[in-house]
Amino acid sequence: RLFACDCDASVRPHAERLQADFGARFAFTHARFSGLDAAVQRVNGGDSMHGTVDGVLFDLGVSSMMLDEGNRGFSFRDKALGVLDMRMDQGRNSWTAADLVNWLPYHQLVEILQTHSDERWAQRIAFKICETRKRKWIESTKELADLVHAVVPKKYNASRTNDTAARTFQALRMEV
């Protein structure tokens with residue numbers, strides 16, 4: 001039996017297609033990976049994974065599907081601009097990336113940027129976030145990306161193959 005779990009509820013239609021193709025040999029549940037054993041027990045009527053599961057399908061990380069959907073808030077690419085959310089499970093009542101940038105104090109923003117992405121310009125970016133939100137809430141991926149681009153020296157940004165805003169998005173996604 002193949003068991004799949006994902007915290008992103010939007011994958012359920014894909015899982016239902018697999019369920020239709022494979023019947024009882026496939027089971028899906030909407031859960032975080034940290035709750036995998038409990039999820040298997042729910043599906044198996046109390047039995048743990050041992051002896052009842054032959055394989056587990058993991059979908060780790062952010063998918064291209066998530067990057068392409070602007071309402072998910074994972075990307076600052078032109079075709080996927082949207083709200084600053086970044087939650088894997090949008091149905092879960094938890095902080096969004098917009099909540100973080102609009103509520104956390106300067107020192108916590110610096111720590112997040114340095115810890116999760118080794119951001120060289122963390123202090124500048126955090127300061128600009130704090131200054132900007134005094135005038136207007138930061139709500140979109142474009143606003144955040146533009147803010148980062150405004151404080152990172154152009155020479156540094158031009159010499160990189162990856163957009164400098166990618167590190168900020170990475171750090172916020174990890175924190176969310």
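**Figure 1. Welcome to the whole chain, with its 9 helices and 3 strands.** This is a predicted model. Following the sequence from its start, you meet the pattern β-α-β-α-β-α-α-α-α-α-α-α. The chain has 176 residues, and 41% of them count as buried. Its accessible surface comes to about 10000 Å², with 52% of that belonging to carbon and sulfur atoms. Among contacts with a separation of 6 or more, 52% are between residues 24 or more positions apart.

**Figure 2. A salt bridge between R167 and E119.** Let us begin with a pair that links distant parts of the chain. The closest N and O atoms of R167 and E119 are 2.9 Å apart. R167 sits in helix α9, while E119 belongs to the loop between α5 (106–117) and α6 (122–135), and 48 residues separate the two. Helix α9 itself covers residues 165–175. Are these two partners buried or exposed? R167 is buried because its relative accessible area is 12%, under the 20% cut-off. E119 is buried too, with a relative accessibility of 3%.

**Figure 3. E131 and K134 meet within helix α6.** By the rule used here, the model holds 4 salt bridges, and this view shows another one of them. The side chains of E131 and K134 come together at 3.0 Å, N to O. Both residues lie in helix α6, 3 residues apart, which is about one turn of the helix. E131 is partly exposed at 28% relative accessible area, whereas K134, at 64%, counts as exposed.

**Figure 4. K136 paired with E143.** Here the closest N and O atoms of the salt bridge are 2.4 Å apart. Both partners are partly exposed: K136 has a relative accessibility of 43%, and E143 has a relative accessible area of 27%. As a general point, side chains of opposite charge can pair when their charged atoms come close.

**Figure 5. Three tryptophans on the surface: W95, W103 and W137.** Together, these residues make a nonpolar surface patch of about 400 Å². Where does W95 lie? Look for W95 in the loop between α3 (64–68) and α4 (97–103). W95 is partly exposed because its relative accessibility, 45%, falls between the cut-offs of 20% and 50%.

**Figure 6. T96 in the loop between α3 and α4.** T96 is buried, at a relative accessible area of 13%. Its side chain reaches the backbone nitrogen of A98 at 3.3 Å. Leaving aside residues up to four places away in sequence, T96 touches L84, D85, R87 and V176.

Key
Residues numbered from 1 in each chain as written. Predicted model: local features only at pLDDT ≥ 70, side-chain atom pairs only at ≥ 80, totals over all residues. Heavy atoms only, no water. Patch = residues over 30% accessible without salt bridge, like charges linked within 9 Å, V, L, I, M, F, W, Y side chains within 5 Å. Areas by Shrake-Rupley, 256 points an atom, 1.4 Å probe, with all protein chains shown as cover. Helix = DSSP H or I, 4+ residues; strand = E, 2+ residues; numbered from the N terminus. Buried < 20%, exposed > 50% of the residue type's maximum accessible area, 1.4 Å probe, protein only. Polar contact = N/O pair within 3.5 Å; in protein donor to acceptor, adjacent residues only side chain to side chain. Contact = heavy atoms within 4.5 Å.
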